[in-house]
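Me: I am new to this structure. Please take one loop and look at it closely, then set it against the rest of the model.

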Amino acid sequence: MIAWLGFAGGLVLLGFTAASVVKTFMIPRATRTRLNRIVSRIVFGTFRLMTIPIEDLDRREHIHAVAAPVFLLSLLLTWLVCLFTGFALLLWPASRSFALALRESGSSLFTLGFALPAGPGPGAIVFAAAASGLAVLALLISYLPLLYAAFNRRETQVTMLEALAGAPPWGPELLARQALIDNSAALPGLYARWTELAADISESHVNYRTLVYFRSLDPSASWLLSLLAVLDGAALHLALNPSTAPQQARPLLRVGYLTMRH
């Protein structure tokens, strides 16, 4: 009876894990799962506790920059542990002991193949375990290039803005610098680029929530501060000198507002 109760618990655990994997990698919309929230709170809560006594901003940011990769690795480890335990619970009724079921589950999940149960039912379970382990690793490997491509698009514009608006960037300084060097004609192009970037950030950071945790290379010129600086500059331009404000400023404000709201 205990083994069959474990079988039912294994089905629940595997369904819980599958929902987390599918929502993280395969559903292109803002989705949250309880498992991801638990791992996120543990990882980032630990990093916050580690940096409480550190007063130096650069040192604290260097430590926090590691949190996002650690979160991904912790999430992968959590999935593998859940799959390992879930398939062991499914194999328990057909095994002589739970320890043997754990051995068979680990052998199948990591495709080692040194422990195989007898019978068609357990055989199907170990094939499913082997496929699940490979699928999770393959999905994570294909997920990383998407993350870093979106990260590079974001940080390229942030780095370019530092030369135009300082570090940390500031909206009034952006306008003042362009006026001082007689470069106001570059503002329409800047507003247009940041409108596209704001839309890109809104789409990528909602679909791939892990991107929110990846910090900018320079803590004084993060993507959030940079976007706020460009929005401030466009708003000031429209408010103080609307006759010379480029038409690209209004779409930027609207798209930037939607990005911040998300």
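**A loop residue and its setting**

Reply: D182 lies in the loop between α7 (171–180) and α8 (187–207). The model is predicted, and every value below is computed from it. The backbone of D182 has a phi near 55 degrees, a positive value in a residue that is not glycine. Most residues other than glycine have a negative phi. D182 counts as exposed because its relative accessible area is 72%, over the 50% cut-off.

The loop belongs to a protein that has ten helices and zero strands. Read from the N terminus, the order of elements is α-α-α-α-α-α-α-α-α-α.

How far is N183 from V43 in space? The C-alpha atoms of these two residues are separated by 45 Å, and their positions lie 140 residues apart along the chain. V43 sits in helix α2 (residues 34–51). Whereas D182 is exposed, V43 is buried because its relative accessibility is 7%, under the 20% cut-off. Apart from neighbours within four places in sequence, V43 is in contact with A67, V70, F71 and S74.

A second buried residue is Q157, in helix α6 (residues 120–165). Q157 counts as buried because its relative accessibility is 15%, which is under 20%. With neighbours within four places in sequence set aside, Q157 is in contact with R193, W194 and L197. From Q157 to F214 the C-alpha distance is 16 Å, with their positions 57 residues apart in sequence.

F214 leads to another part of the model, since F214 is one of the residues that line the second largest pocket. The volume of this pocket is about 220 Å³. Rolling a probe the size of a water molecule over the atoms shows where empty space is left. Which residues form the lining? They are F44, L57, E61, V212, Y213, F214, R215, S216, P219, S222, W223 and L224. Sorted by class, eight of them are nonpolar, two are polar and two are charged. Two helices, α3 (57–64) and α9 (223–240), each supply at least two residues of this lining.

As for the whole, the C-alpha atoms fill a box of roughly 80 × 40 × 30 Å along the principal axes. The radius of gyration is 25 Å, whereas a compact globule of 262 residues would have a value near 18 Å. Of the 262 residues, 42% count as buried, and V43 and Q157 are among the buried residues. The accessible surface is about 14,200 Å², and carbon and sulfur atoms hold 67% of that area. Among contacts with a separation of 6 or more, 67% are between residues 24 or more positions apart.

To return to the loop: D182 is an exposed residue with a positive phi, placed between α7 and α8.

Conventions: Residues are numbered from 1 along each chain as its sequence is written. This is a predicted model: local features need pLDDT of at least 70, side-chain atom pairs count only at pLDDT 80 or more; totals for chains, interfaces and linings use all residues. Side-chain values use heavy atoms; hydrogens and water are left out. On a 1 Å grid over the protein atoms alone, a cavity is a set of points where a 1.4 Å probe fits but cannot get out, and a pocket is an open set with protein on both sides within 12 Å along at least five of seven lines; lining residues have an atom within 4 Å of a point. Grid points are joined across faces, edges and corners, and a volume is the space filled by probe spheres set on the points. Helices (H or I, at least four residues) and strands (E, at least two) are DSSP runs, numbered from the N terminus. Ala, Val, Leu, Ile, Met, Phe, Trp, Tyr, Cys and Pro count as nonpolar, Asp, Glu, Lys and Arg as charged, and the others, Gly among them, as polar. The radius of gyration is taken over C-alpha atoms; the globule rule is 2.2 Å times the number of residues to the power 0.38. Buried means under 20% relative accessible area, exposed over 50%, partly exposed in between (1.4 Å probe, protein chains only). Contact means heavy atoms within 4.5 Å. Accessible areas come from the Shrake-Rupley method with a 1.4 Å probe; for residues, only the protein chains shown count as cover.
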